[in-house]
Amino acid sequence: MQAMDWLWIIHPFLAVTLIYPLVGVVARLGLQTRQRRVQKAKLPPATGRDHSDWGQWLAAAVVVVVLIALAVVIASKALGSSERGATALIALLLAWLGTLSALVALLRVQGAGLRLSFSLITWLGLLTLGAQPEVFRLSDNPLEPAFWQSHYWGGVLICGLMLFNLAARPEILRQLRWRRLHIAANALAALLFISQGLSGTRDLLEIPLHWQQPFLNQCNWSERTCPSQSR
Ligand code: HEM
Ligand code: HEM
């Protein structure tokens, strides 16, 4: 493995060792919060607060782990070719830093308007970075089956749902209507986390090691044929 290959596995590594264990903890605490409230189960009074605190870490970590994937994909391809000028690369770096700053701001601000604005800015930042030609997307057409198998679009949707959780935290805590919306949104997020595990491992299997790339570029992927290697 070369340095570039190690960079490419940072995102899957963090997803497996950080995000998925956190999903388990947060989902379990969420269910206990509901059991405590609805069924009056004898559980510690801090269950709801713990769920919300761990949930905040989960939501922020998902966005950061996706930002890392986007940075690796864009930088490794853009820096290796001469198609992008220095100005375009600086603009992309600023967009990446701006998205991260908007996430940090979202974790700090209190007012509903500010929370809504910063969550939207963070999500738009992710969409802008994801729209770059370096980022591989199976399809951009929701009418094609490939769109629904795309690791990119599943990831962007999870980020949207996690940002919604972060932005609406006080409302979820206080209002029944928002709690119901929260449960529906996170039932969908749980399914998406599972499908991301599948599409992510599939992509990992399909991405060759850096030194194998030039040879594999000569292959015809639709015909599934490669030129025979001369010794
Ligand atoms: C795996 C993802 C998640 C699942 C399955 C989940 C599930 C739940 C459930 C079942 C409840 C109880 C609702 C009720 O009492 O009727 C709840 C409450 C809540 N959730 Fe989540 N949630 C998730 C992620 C998050 C995240 C990421 C945040 C914050 C950033 C969050 C913040 C809250 C808050 C503030 C409450 C209200 C707690 C209380 O009543 O004390 N959740 N969640
Ligand atoms: C927490 C759930 C996950 C989310 C939200 C997520 C999201 C994303 C996004 C948005 C990208 C950039 C677009 C792309 O290149 O396709 C990406 C890249 C990638 N993901 Fe994930 N992913 C998750 C979990 C996983 C898992 C579990 C694996 C494999 C074990 C994985 C493997 C990859 C690979 C190989 C890439 C290519 C870029 C890179 O390695 O940095 N992902 N992911």
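Angles between helices run from 0 to 180 degrees between N-to-C directions, and the axes are lines fitted to C-alpha atoms over the stretch in contact. This convention applies to the helix pairs described in this report on a predicted model.

## Overall architecture

The chain contains 10 helices and 0 strands. Read from the N terminus, the order of elements is α-α-α-α-α-α-α-α-α-α. Along the principal axes, the C-alpha atoms occupy a box of roughly 75 × 35 × 35 Å. The chain comprises 231 residues, of which 24% are buried. Among contacts with a separation of 6 or more, 68% join residues that lie 24 or more positions apart.

## Packing of the helices

Three helix pairs are compared in the table.

| Helix pair | Angle | Distance between axes | Crossing |
|---|---|---|---|
| Helix 5 and helix 7 | about 170° | 9 Å | right-handed |
| Helix 2 and helix 3 | roughly 155° | within 9 Å | left-handed |
| Helix 3 and helix 7 | about 145° | 9 Å | left-handed |

Helix 5 covers residues 112–130 and packs against helix 7 at an angle of about 170°. Angles over 145 degrees count as roughly antiparallel, and helix 5 is therefore roughly antiparallel to helix 7. On the side of helix 5, the contact is formed by Arg115, Leu116, Ser119, Thr122, Trp123, Leu126, Leu127 and Gly130. Helix 7 contributes Tyr152, Val156, Cys159, Gly160, Leu163, Phe164, Leu166 and Ala167 to this contact. By class, the residues of the contact between helix 5 and helix 7 are 11 nonpolar, 4 polar and 1 charged.

Helix 2 and helix 3 cross at roughly 155°, with axes that come within 9 Å. These two helices are therefore roughly antiparallel to each other. Their crossing is left-handed. The contact of helix 2 with helix 3 comprises 19 nonpolar, 8 polar and 2 charged residues.

Helix 3 also packs against helix 7, at an angle of about 145° and with the axes 9 Å apart. In this pair, Gly55, Gln56, Ala59, Val62, Val63 and Val66 of helix 3 meet Gly155, Ile158, Cys159, Met162, Leu163, Asn165 and Leu166 of helix 7. The contact of helix 3 with helix 7 has 9 nonpolar residues, 4 polar residues and no charged residues. Cys159, Leu163 and Leu166 of helix 7 take part both in the contact with helix 5 and in the contact with helix 3.

## Surroundings of the ligands

Ligand 1 is surrounded by 27 residues, and those that come nearest are Gly30, Gly48, Ser52, Gly55 and Asn186. At least two residues of this shell come from each of helix 2, helix 3, helix 7, helix 8 (169–174) and helix 9. Helix 2 gives the most, with 8 residues. The shell around ligand 1 has 13 nonpolar, 10 polar and 4 charged residues. Gly55, named here beside ligand 1, also belongs to the contact of helix 3 with helix 7.

Ligand 2 likewise has 27 residues around it, with His11, Pro12, Ala15, Gly155 and Gly200 the closest. Two or more residues of the shell are given by each of helix 2 (10–38), helix 3 (47–78), helix 7 (151–167) and helix 9 (176–206). The greatest contribution to the shell around ligand 2 is that of helix 9, with 7 residues. By class, this shell has 19 nonpolar, 7 polar and 1 charged residues. Gly155, one of the residues closest to ligand 2, is also part of helix 7 where helix 3 meets it.

## Individual residues outside the core

A residue counts as exposed if 12 or fewer other C-beta atoms lie within 10 Å of its own. Lys40 lies in the loop between helix 2 and helix 3. Its phi is positive, about 55°, although Lys40 is not a glycine. Lys40 is exposed because it has 8 other C-beta atoms within 10 Å.

Arg224 is located in the segment after helix 10 (213–216). Arg224 also has a positive phi, near 60°, and is a residue other than glycine. With 7 other C-beta atoms within 10 Å, Arg224 is exposed.

Leu97 belongs to helix 4, which spans residues 86–108. Leu97 counts as exposed because it has 12 C-beta neighbours inside 10 Å. The C-alpha atom of Leu97 is separated by 29 Å from that of Gln149, a residue 52 positions away along the chain.

Key:
Residues are numbered from 1 along each chain as its sequence is written. Chains are lettered from A and ligands numbered from 1 in the order in which they are written. This is a predicted model: local features need pLDDT of at least 70, side-chain atom pairs count only at pLDDT 80 or more; totals for chains, interfaces and linings use all residues. A residue is near a molecule or strand if its C-beta atom, placed from the backbone, lies within 6 Å of it. Helices (H or I, at least four residues) and strands (E, at least two) are DSSP runs, numbered from the N terminus. Ala, Val, Leu, Ile, Met, Phe, Trp, Tyr, Cys and Pro count as nonpolar, Asp, Glu, Lys and Arg as charged, and the others, Gly among them, as polar. A residue is buried if 20 or more other C-beta atoms lie within 10 Å of its own, exposed if 12 or fewer, and partly exposed in between; C-beta atoms are placed from the backbone. Two residues are in contact if their C-beta atoms, placed from the backbone, lie within 7 Å. Angles under 35 degrees count as roughly parallel, over 145 as roughly antiparallel, 65 to 115 as roughly perpendicular and the rest as oblique. A crossing is left-handed if the near helix is turned anticlockwise from the far one by less than a right angle, and right-handed if clockwise.
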